[in-house]
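Here are a few notes from going through the model, mostly on one helix and on the enclosed space. Have the structure open while you read.

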Amino acid sequence: MGTQPWHGVVVASALPFNDDLSVDYAAFADHLRWLEDNGCAGVTPSGSLGEYQCLTPAERAKVVEVAVDAAPEGFSVVPGTGAYGSRESAQWARQAKDAGAQAILQLPPNAYRADDDIVYAHFEAVAQVGLPVVAYNNPHDTKVDLSPALLARMHADGLIVAVKEFSGDVRRIYEIGELAPELDVLAGTDDVVLEFAIAGAKGWIAGYPNALPAATVKLWNLSVAKDLDQALPMYRDLHSLLRWDSKPDFVQAIKLSMDIAGRKGGLCRAPRLPLSAEVAASIRKDTEKALAEGYR
């Protein structure tokens with residue numbers, strides 16, 4: 001367990017659906033308890049992997065409530081609160097707070113390429129709700145880059161406590177550390193976790209623990225301990241799967257690996273389509289290989 005709700009392996013939880021594509025809340029609650037049983041520190045519901053863009057407001061709110069209710073003691077819930085409008089993000093932050101979440105994960109405005117002052121004002125509005133805010137830097141999808149300088153500015157003014165760094169640029173953790181030494185940096189993509197952990201990341205907001213929680217938690221712990229003799233072979237073995245976390249088909253890929261591992265991954269809501277037969281076969285092969293080698 002980490003010392004803060006965003007420390008350790010916090011899983012960007014996938015959301016299971018029934019055959020009619022209604023949310024399977026019971027399976028979701030069971031999934032959270034299983035993640036805790038396998039050493040994960042918490043979950044981030046209502047993130048991209050949780051398909052929040054495809055949920056109704058009532059469904060999105062209930063997902064957070066179910067997560068908080070199902071979370072075992074000491075297991076953190078850090079909901080995603082991304083929205084097009086600042087007022088809407090603040091409303092989702094307030095809903096998370098009322099539900100009992102310990103912190104939130106906040107995207108910048110992503111309807112257009114916002115400048116630094118707009119991004120600052122957006123986070124300022126959300127921070128006023130009173131929950132600790134983990135910023136989410138994903139310039140590939142949002143087209144807004146939370147630069148080290150902007151992160152340092154927002155941290156200095158008390159708007160954020162951490163950043164999920166999804167740029168894929170491992171060099172950033174060092175610059176962030178120079179400009180904002182007290183700002184916690186979290187690995188944001190599964191396929192750079194070893195490098196971020198070695199560099200001092202405090203946590204990993206992760207996708208593949210949905211399918212292989214015990215193995216990925218072990219990888220994190222070994223990486224934090226800088227035990228490269230054990231961590232590096234694991235990382236090499238799992239990297240063909242971990243890199244799916246930063247590809248457009250990551251939701252379908254991780255859900256397929258969950259199915260193969262005996263969990264309920266299942267269907268995605270539109271506009272996501274099923275994987276091509278070729279891609280699905282590749283993921284199946286790599287997942288079955290990992291399971292056969294004892295990674296669970």
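Which residues of H10 are buried? Keep in mind that this is a predicted model.

1. The buried set in H10 is Ala 231, Met 234, Tyr 235, Leu 238, His 239, Leu 241 and Leu 242. Among what covers these residues are helix H8 (193–198) and helix H9 (213–224), along with helix H11 (250–260) and helix H12 (277–292).

2. Have a look at the geometry of H10 too. It runs over residues 228–242, and its end C-alpha atoms are only 18 Å apart, whereas a straight helix of 15 residues would span 21 Å. There is a bend of about 40° at Arg 236.

3. On to the empty space: there are two cavities of 30 Å³ or more. The largest one comes to about 70 Å³. Its lining is made up of Ser 46, Gly 47, Ser 48, Tyr 52, Arg 60, Gly 80, Thr 81, Gly 82, Leu 105, Gln 106, Leu 107 and Tyr 136. By class, that lining has seven polar residues, four nonpolar and one charged.

4. The second largest cavity holds about 30 Å³. Around it sit Ser 46, Arg 60, Val 64, Pro 79, Gly 80, Thr 81, Trp 92, Gln 95 and Ala 96. Helix H2 (57–70) and helix H3 (86–99) are the elements that each give two or more residues to this lining, and H3 gives the most, with three. The classes here are four nonpolar, four polar and one charged.

Definitions and conventions: Residues numbered from 1 in each chain as written. Predicted model: local features only at pLDDT ≥ 70, side-chain atom pairs only at ≥ 80, totals over all residues. Heavy atoms only, no water. 1 Å grid on protein atoms, 1.4 Å probe; cavity = no way out; pocket = protein on both sides within 12 Å on 5 of 7 lines; lining within 4 Å. Points joined across faces, edges and corners; volume = space filled by probe spheres on them. Nonpolar A, V, L, I, M, F, W, Y, C, P; charged D, E, K, R; others polar. Helix = DSSP H or I, 4+ residues; strand = E, 2+ residues; numbered from the N terminus. Expected span 1.5 Å × (residues − 1). Bend = angle between axes of the 7 residues up to and from the residue. Buried < 20%, exposed > 50% of the residue type's maximum accessible area, 1.4 Å probe, protein only. Contact = heavy atoms within 4.5 Å.
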